[in-house]
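Q: Please take a close look at the ligand site in this model. After that, describe the loops and side chains elsewhere in the chain that deserve attention.

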Amino acid sequence: MTQTLTLRRPDDWHLHLRDGAMLKAVLPESARHFARAIIMPNLVPPVVTAADATAYRDRILAALPEGSAFEPLMTLYLTEHTDPADLRAAAESGLIKAVKLYPAGATTNSHGGVRDLDKVRAVLEAMAELGLPLCIHGEVTMPEVDIFDREAVFIDTVLDPLRRTTPGLRVVMEHITTSEGVAYARAGGPDLAATITTHHLVINRNHILVGGIKPHYYCLPVAKREQHRLALREAATSGDARFFLGTDSAPHMDALKEHACGCAGCFTATNTLSILAEVFEQDGALGKLEAFTSLNGPAFYRLPVNEGTITLTKGDPVAYPSKIDTGEGQVTVFDPGFPLHWRVA
Ligand code: DOR
Ligand code: ZN
């Protein structure tokens with residue numbers, strides 16, 4: 001049985017780092033293991049211009065632990081007022097690696113997002129020409145659509161028409177949670193990929209709701225039925241190049257999670273790799289872990305694979321903190337509900 005596993009150093013293709021005290025507290029949790037991460041722009045106010053992205057990148061670099069080589073891959077938050085020329089310059093200079101589309105109202109700090117895709121047509125055309133990926137939060141927001149159906153409805157009514165009207169647009173379906181998402185990504189061709197989070201490989205909707213409501217398992221898109229979790233497991237562990245890790249590690253202070261109107265987000269940066277190794281081992285797929293964490297993402301983003309490696313060793317259950325202190329409150333680390341045996345050396 002394998003007791004040691006060496007992987008190319010992994011990347012996280014979807015990460016929330018926030019700002020200020022929270023940034024300072026959570027950044028080391030990702031920088032410890034990951035070489036790079038696609039940094040989500042949903043700050044308050046959001047990162048909408050090249051100047052915003054430059055300033056945010058500088059704040060991230062300033063918050064890095066001494067000696068860390070972690071590279072933040074910046075994104076812009078798409079709005080109906082995004083200037084195609086500003087976006088083009090940001091892409092051509094290498095400052096940004098993607099643009100994020102939040103349908104207005106879909107999730108945390110998405111009210112400045114896009115209501116009418118026709119208003120961003122010029123930006124999407126420029127992105128198709130540049131080969132710049134559009135990272136999409138794929139949920140419709142109409143009140144009449146059930147929250148558990150919002151991803152599948154988005155694929156049929158928004159994503160597929162969008163891709164047909166913008167040929168050549170490169171799209172990442174972010175944090176897919178359904179078998180419909182898996183099937184659509186599989187059928188999509190070379191300009192389509194999907195990220196999968198660590199927590200959606202572990203929990204289904206029962207984990208959130210049975211035996212009392214568990215706010216630390218609430219995120220968006222919300223975890224679905226078991227059959228969907230199994231479809232995600234199959235996709236992630238298959239080695240298929242269209243699927244790669246985007247943790248969507250999304251810290252919120254405990255006081256705002258354990259609340260009458262709790263925030264969405266699971267904070268998984270701390271123990272993600274140990275959880276993934278356990279999950280892939282459970283599925284007899286340890287040999288496919290490196291593709292998911294370290295190879296498929298760079299291939300889609302047309303970036304080199306990292307030079308370095310990390311080594312995981314299997315042994316006694318791994319101890320990890322249950323909370324991270326920010327100085328302004330605590331953040332609960334995701335509890336997978338089973339012991340972890342793979343530790344990053
Ligand atoms: O659970 C989530 N948390 N989903 C998102 O889409 C946003 C994120 C956040 O920023 O907290
Ligand atoms: Zn996210």
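A: Helices and strands are here DSSP runs, of at least four residues for a helix (H or I) and at least two for a strand (E), numbered from the N terminus. The model is a predicted one.

The ligand site comes first. Ligand 1 sits in the largest cavity. Its shell holds 13 residues, and those that come nearest are Arg 18, Asn 42, Leu 220, His 252 and Ala 264. By class, the shell consists of seven polar, four nonpolar and two charged residues.

Several atom pairs show how the protein meets the ligand. The side chain of Asn 42 places an N or O atom 2.8 Å from an oxygen atom of ligand 1. Thr 108 also faces a ligand oxygen, with a polar side-chain atom at 3.2 Å. With Ala 264 the backbone is involved: one of its N or O atoms is 3.0 Å from a nitrogen atom of ligand 1. The enclosure is complete, as the protein covers 100% of the 290 Å² of accessible area that ligand 1 has on its own.

Leu 220, one of the residues that come nearest to the ligand, also takes part in a cis peptide bond. The bond runs from Leu 220 to Pro 221, with omega near -5°. Pro 221 belongs to the loop that links α8 (205–209) and α9 (226–237). Another cis peptide bond leads from Val 44 to Pro 45, where omega is near -10°. Pro 45 falls in the loop between β3 (36–39) and α2 (50–63).

A further loop, between β6 (134–136) and α5 (150–165), contains Ile 147. Its relative accessible area is 32%, and because this value lies between the limits of 20% and 50%, Ile 147 is partly exposed. Although Ile 147 and Lys 224 are 77 residues apart along the chain, their C-alpha atoms are separated by 9.6 Å.

Two residues other than glycine have a positive phi and can be set side by side. Asp 248, in the loop between β9 (243–245) and α10 (254–257), has a phi of about 55°. Arg 302, in the loop between α12 and β10, has a phi near 55°. Their accessibility puts them in opposite classes. Asp 248 has a relative accessible area of 6%, which is under 20%, and therefore it is buried. Arg 302 has 58%, which is over 50%, and therefore it is exposed.

The elements on either side of the Arg 302 loop each hold a side chain with a polar contact. In helix α12 (residues 289–301) lies Ser 294, which counts as buried because its relative accessibility is 0%. A polar atom of the Ser 294 side chain is 2.8 Å from the backbone oxygen of Arg 8. In strand β10 (residues 309–314) lies Lys 314. Its relative accessibility is 24%, so Lys 314 counts as partly exposed. The side chains of Lys 314 and Glu 281 are joined by a polar contact of 3.1 Å. From Lys 314 to Asp 325 there are 11 residues in sequence, and the distance between their C-alpha atoms is 28 Å.

How values were computed: Residues numbered from 1 in each chain as written. Chains lettered and ligands numbered in written order. Predicted model: local features only at pLDDT ≥ 70, side-chain atom pairs only at ≥ 80, totals over all residues. Heavy atoms only, no water. Near = heavy atom within 4 Å. Polar contact = N/O pair within 3.5 Å; in protein donor to acceptor, adjacent residues only side chain to side chain. Areas by Shrake-Rupley, 256 points an atom, 1.4 Å probe, with all protein chains shown as cover. 1 Å grid on protein atoms, 1.4 Å probe; cavity = no way out; pocket = protein on both sides within 12 Å on 5 of 7 lines; lining within 4 Å. Sits in = over half its atoms within 2 Å of the grid points. Nonpolar A, V, L, I, M, F, W, Y, C, P; charged D, E, K, R; others polar. Buried < 20%, exposed > 50% of the residue type's maximum accessible area, 1.4 Å probe, protein only.
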